[in-house]
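Please examine the sequence and the three-dimensional structure shown below. The explanation after them proceeds from helix packing to individual residues of the backbone.

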Amino acid sequence: MVEAEKKETVIIGAGPGGYVAAIRASELGQKVTIIEKSDTVGGVCLNVGCVPSKALIAAGHRLQEADHGEPWGITTQPATIDFAKTQDWKQHKVVDRMTNGVQMLLKKHNVEVINGEAVLDSDTQLRVMPTGPQQFMTANTGQLIEFDNLIIASGSRPIEIPGFKFDGRVVDSTGGLNLPEIPKEFVVIGGGYVGTELAGAYANLGAHVTIIEGTDSILAGFDKDMVSVVLKEMKKKGIDIITSAKAKSSTQTDKDVTVTYEVDGKEQQITADYCMVTVGRKPNTDDLGLEYTKVEVSDRGIVQTDEQGRTASEHIFAIGDIASGPALAHKAFFQAKVAAGAIAGEKTANDYIGVPAVCFSDPELATVGLTEAQAKEQGLEVATSKFPFAGNARAVSLDEAEGFVRLIYTKDDKTILGGEVVGPGASDLIAELSLAVNGRMNVEDIALTIHPHPTLSEPIQEAADIALGFPTHI
């Protein structure tokens, strides 16, 4: 029988939650070991998700800027793109640079990294198995580890729907990011964050894109007037959006894929170079051996935790996509620090009200806190104020004057409950509104904060002025 090695704090997964938890736990004086099944650190987000997708989005924007400089009096020969070079830049100048940085940080903080798949034997012991299928397994297979504390950050994986096995020309988001060429025709099944972002990216790169969405609108998590701004821009790019549609099956040749879908009871078909399926993700909790512990898991695979991320097993924590709250990398960052602090005896706690959500569409969408509808559902008396980017000098000078900033606040003391931005720089601007929501600030706090001119941040102050009844530029 293999003797178990004793470890202080063990973390399963080196993604956004796992590596941040490791760094924070080390900073708090713990001896940390990470178990990671892939050969790189950084997880889905850094390797095949949010970071490389933004690289492709940036490349698409550069191509569009090169081809459409007319507003500034700039004309050029039609721009061309070498997509192999784009993919090489994305992988080696962006992804590899960032993953190497994470590896350096783990080394700097003396974090031990073990490559393999972790399977729990009990509430205090796990086994690290070699990655990949094993022909023979015995009681001595794998490396036994006995831990004082465990943080599970095993992440999630794409959902595969019937009739669309991920193979060949039917790809998940990872495959969509690594296509060997820009497709002439590209079908995206699912109009959420990922589907919308990559649809926009490939449309900017020159593809004709069709989105097939099961509900009556893409980007269901955002208010309709925000989404309408994005839809207007998508129409300009020639993106076709088919809503209230059910994807039924796919057939492939060596050159294309034909997707069969149903709308209003009628089957229709569309043929494309590739079909990407982005209908959600499934928590990676089914192969961890959690059934041998006290850890409780919901029917959806979400681990039940308290406000510090602690499970029903006192020394086991769960963070990231397998825990409650939105499946966002920055939520995982926060949960990681809370869990590491809890192990160190700090009075930390998770608060999901102030978690911003961002979609890197054209233009960008961002929201934090409560929407007006959510606030009213809670019985709160609220009001809103909105300022358009059309009244902002910086947005106009960028030729990106579509969209607006909206504040949601209580009627009585004007405490800011939520904020929404659709327009240029929304992904960066939402940080100020996140601070306002987390800090329980009121609109006067924003109005009295001097914002630099001319910048995209000014509409936030303008919306606050409107809330106070003293609008300036509207």
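The paragraphs that follow describe selected helices, loops and residues in turn.

The model under discussion is predicted. A suitable starting point is helix H3, which covers residues 50-67. Its 18 residues, at 1.5 Å a residue, should span 26 Å, and the end C-alpha atoms are indeed 26 Å apart, so the expected and computed lengths agree. Several residues of H3 are buried, namely Pro52, Ser53, Ala55, Leu56, Ile57, Ala59, Gly60 and Leu63. The partners against which these buried residues pack are four helices: H2 (43-48), H4 (83-108), H5 (173-177) and H6 (193-205).

Two packed helices are described by the angle between their axes and the distance between the axes. For H3 and H4, the axes come within 10 Å and cross at roughly 135°. H3 is therefore oblique to H4, since an angle over 145 degrees would be needed to count as roughly antiparallel. The crossing of H3 past H4 is right-handed. On the H3 side, the contact is formed by Val51, Pro52, Ala55, Leu56 and Ala59, while H4 contributes Phe83, Thr86, Gln87, Trp89, Lys90, Val94 and Val95. Sorted by class, this contact comprises nine nonpolar, two polar and one charged residues. Among its H3 members, Pro52, Ala55, Leu56 and Ala59 are also listed as buried.

A second helix pair joins parts of the chain that are far apart in numbering: H1 (residues 16-27) and H8 (residues 329-343). Their axes come within 8 Å and cross at roughly 30°, and this crossing is right-handed. H1 supplies Pro16, Gly17, Tyr19, Val20, Ala21, Arg24 and Ala25 to the contact, and these residues meet Ala329, Ala332, Phe333, Ala336, Lys337 and Ala340 of H8. By class, the contact of H1 with H8 has ten nonpolar, one polar and two charged residues.

The account now turns to the backbone. Most residues other than glycine have a negative phi, and most peptide bonds are trans. Where does this structure contain a peptide bond that is cis? One such bond runs from Asp362 to Pro363, with omega near -10°. Pro363 belongs to the loop between strand E18 (357-359) and strand E19 (364-369). Another cis peptide bond links His453 to Pro454, with omega near -5°. Pro454 is located in the loop between helix H12 (443-447) and helix H13 (458-468).

Positive phi values also occur at residues that are not glycine. Ser244 has a positive phi of about 50° and lies in the loop between strand E11 (240-242) and strand E12 (245-252). With a relative accessible area of 42%, Ser244 is partly exposed. Asp399, likewise not a glycine, has a positive phi of about 60°; its place is the loop between helix H10 (393-397) and strand E21 (404-410).

Finally, Glu8 is part of strand E1 (residues 5-12). Its relative accessibility of 29% makes Glu8 count as partly exposed. How many residues in sequence separate Glu8 and Glu146? They are 138 residues apart, yet their C-alpha atoms are 8.4 Å apart in space. With neighbours within four places in sequence left aside, Glu8 is in contact with Gln30, Lys31, Phe147, Asp148 and Asn149.

Methods
Residues numbered from 1 in each chain as written. Predicted model: local features only at pLDDT ≥ 70, side-chain atom pairs only at ≥ 80, totals over all residues. Heavy atoms only, no water. Helix = DSSP H or I, 4+ residues; strand = E, 2+ residues; numbered from the N terminus. Expected span 1.5 Å × (residues − 1). Buried < 20%, exposed > 50% of the residue type's maximum accessible area, 1.4 Å probe, protein only. Contact = heavy atoms within 4.5 Å. Axes fitted to C-alpha atoms, helices over the stretch in contact; angles between N-to-C directions. Parallel < 35°, antiparallel > 145°, perpendicular 65-115°, else oblique. Left-handed = near helix turned anticlockwise from the far one by under 90°. Nonpolar A, V, L, I, M, F, W, Y, C, P; charged D, E, K, R; others polar.
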